Amino acid sequence: MKAIVQDTYGPADVLELRDIDRPSIGDEEVLVEVRAAAVDPSVWVLMTGTPYLARAGFGLRRPKVPVRGRDVAGVVTAVGAGVTRFRPGQEVYGTCPTGSLAEYAKAPQARLAPKPADLTFEQAAAVPVSGMTALQAVRDVAGVRPGQRVLVIGASGGVGSFAVQIAKALGASVTGVCAAAKADFVRSLGAGDVIDYTREEIDRDGARYDVVVDTAGNRPLSLLRRALTPRGTLVIVGGGHTAYRFTGGMGRTVRAPLLSLFTGSMFSGRRLRPMFSRERAEHLEELTRLIESGAVVPAIDRAYPLAEAPDAIRHLMEGHPAGKVVVTV
Ligand SMILES: NC(=O)c1ccc[n+]([C@@H]2O[C@H](COP(=O)([O-])OP(=O)(O)OC[C@H]3O[C@@H](n4cnc5c(N)ncnc54)[C@H](OP(=O)(O)O)[C@@H]3O)[C@@H](O)[C@H]2O)c1
C-alpha cells in the first residue's frame with residue numbers, strides 16, 4: 001500500500017510517499033481502508049520530534065511509528081478475533097495511533113465509531129482529534145451550562161471551530177477570538193460576537209466570561225484572568241505550538257498545574273484547568289449525536305491528495321486554517 005512515511009525527524013521534507021506492507025491487526029484491532037485522514041499539530045510534533053520531550057515516548061533518534069497521521073475515516077476491511085463492535089464493509093471514523101496517512105490503517109476498536117451517515121469521508125476525518133478535544137474541554141473540564149458566557153481563543157482553528165459549536169449547543173453565548181479575516185467564518189459557527197485579536201484584546205469587555213477556552217496564542221495568565229468572572233474557569237488546551245522546543249503547544253498545559261500553585265491568590269475564586277484529551281469511542285459517539293442533530297458541522301479549510309500530505313502539514317503549521325485541513329486518500 002502507499003503511505004506517508006518518515007525515517008528521521010525533521011520538517012515536512014522528511015515525509016515520503018512510499019510502498020509499505022499493509023498493517024497486520026491484533027485481536028482487538030480493526031483494519032480500515034482509508035478514504036480520508038486529517039492533520040493536526042500533534043502530527044507536526046511527531047514529524048519534527050519537537051518538543052524534544054515527545055522523543056522520550058515516540059523514539060529518541062527517529063519516530064518508532066514511521067507512518068504519520070492520526071484522524072481517519074474509511075471502510076472496515078478486516079477485524080481481529082476479539083472485535084465485537086465492527087464488521088467488514090462498515091463505514092467508521094476515529095483515531096489510529098500507528099498512522100492514518102496511508103491506503104490502509106489499523107485502529108483499536110475502542111478508538112473507532114460508526115461514521116455519521118450524512119457526513120462525507122472528508123468531513124468525518126475532520127472530527128476525531130479536534131472534536132474530541134473540544135468536547136472534553138467545553139463539556140467535561142469547563143462544565144459549560146446554558147446561559148453562560150464562553151470565550152473561545154483560536155475560534156477559527158481545528159479545536160476552536162468545534163469548541164464554538166459545542167458551547168453553543170450546550171446553551172452558552174459564545175465569543176470567538178480570531179483574526180479579522182475569519183470573523184464571518186467564526187460567526188457562521190455560532191459565535192454571537194467576535195474579538196479580532198489583531199486590534200483588540202480579550203479583556204475588551206472586562207471580566208465578562210464564565211469560561212475561557214484557550215487553544216491559541218500564549219497570552220499571559222494575568223490577561224486571561226482579567227476576562228474571567230470572579231468564579232470563572234480557564235481551560236488551557238494549547239497554543240503557540242512552534243514556540244517551545246521542549247514542551248511545544250502543550251507547554252502551558254504542562255506548566256499549568258505548577259503555575260496554579262503560585263497563582264492561587266491571583267486566580268482566587270477562579271479555576272485554572274489544563275486539559276489532556278483522551279480518545280474514546282464514547283466521545284466519538286457523543287460527537288455523532290451532535291452532528292446528527294445538526295448542532296455541529298465539521299468545517300474544512302482545505303483538502304489535499306495523499307501525495308501532497310506534506311503540503312497539508314505545511315499549510316496547517318503556517319497557523320491560520322479556517323477549520324480542519326484534511327487529506328483525501
Ligand atoms: N490539550 C490537548 O489534549 C490538546 C489536544 C489537541 C490540540 N491541542 C493543542 O491545541 C492547540 C490548537 O490546536 P488546533 O488543532 O486547533 O490548531 P490550529 O488548527 O492550527 O488552530 C490554531 C488557531 O489559532 C489561531 N490563532 C493564532 N494565533 C492566535 C492568537 N494570537 N490569538 C488567537 N488565535 C490565534 C489561528 O487562527 P487565526 O487565523 O484567526 O489567527 C488558528 O486557526 C495546539 O497547540 C495543539 O497542540 C491540545
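**Exercise 1. Place Lys115 in this predicted model and work out whether Lys115 is buried or exposed.**

Step 1: Find the spot. Lys115 sits in the loop that runs between β7 (112–114) and α3 (121–125).

Step 2: Check the accessibility. The relative accessible area of Lys115 is 9%, and buried means under 20%, so Lys115 is buried.

Step 3: Look around. Setting aside neighbours within four places in sequence, Lys115 touches Glu91, Val92, Tyr93, Thr120, Phe121 and Ala124.

Step 4: Zoom in on one of those partners, Phe121. The charged end of Lys115 lies over the ring of Phe121, 5.0 Å from its centre.

**Exercise 2. Find which ring the charged end of Arg22 sits over.**

Just look for the ring under that charge: it belongs to Tyr104, and the charged end of Arg22 is 3.9 Å from its centre.

**Exercise 3. Describe helix α5 and say how many of its residues are buried.**

Step 1: Get its length. α5 covers residues 158–169, and its 12 residues reach 17 Å from first C-alpha to last, close to the expected 16 Å.

Step 2: Count. Of the 12 residues, 10 are buried, so α5 is largely enclosed by the rest of the structure. Among them are Gly158, Phe162 and Ile166.

Step 3: See what they pack against. The buried residues of α5 meet elements including α4 (128–141), β8 (149–153) and α9 (281–292).

Step 4: Peek past the end. Gly171, just after α5, has a positive phi of about 95 degrees.

**Exercise 4. Count the disulfides, then check Cys96 and Cys178.**

The whole structure has 0 disulfides. Cys96 is buried because its relative accessibility is 0%, and Cys178, at 1%, counts as buried too.

Terms used. Residues are numbered from 1 along each chain as its sequence is written. This is a predicted model: local features need pLDDT of at least 70, side-chain atom pairs count only at pLDDT 80 or more; totals for chains, interfaces and linings use all residues. Side-chain values use heavy atoms; hydrogens and water are left out. A charge sits over a ring if NZ of Lys or CZ of Arg is within 6 Å of the ring centre and within 35 degrees of the ring normal. A disulfide is a pair of cysteine sulfur atoms within 2.5 Å. Buried means under 20% relative accessible area, exposed over 50%, partly exposed in between (1.4 Å probe, protein chains only). Helices (H or I, at least four residues) and strands (E, at least two) are DSSP runs, numbered from the N terminus. Contact means heavy atoms within 4.5 Å. The expected span of a helix is 1.5 Å times one less than its number of residues.
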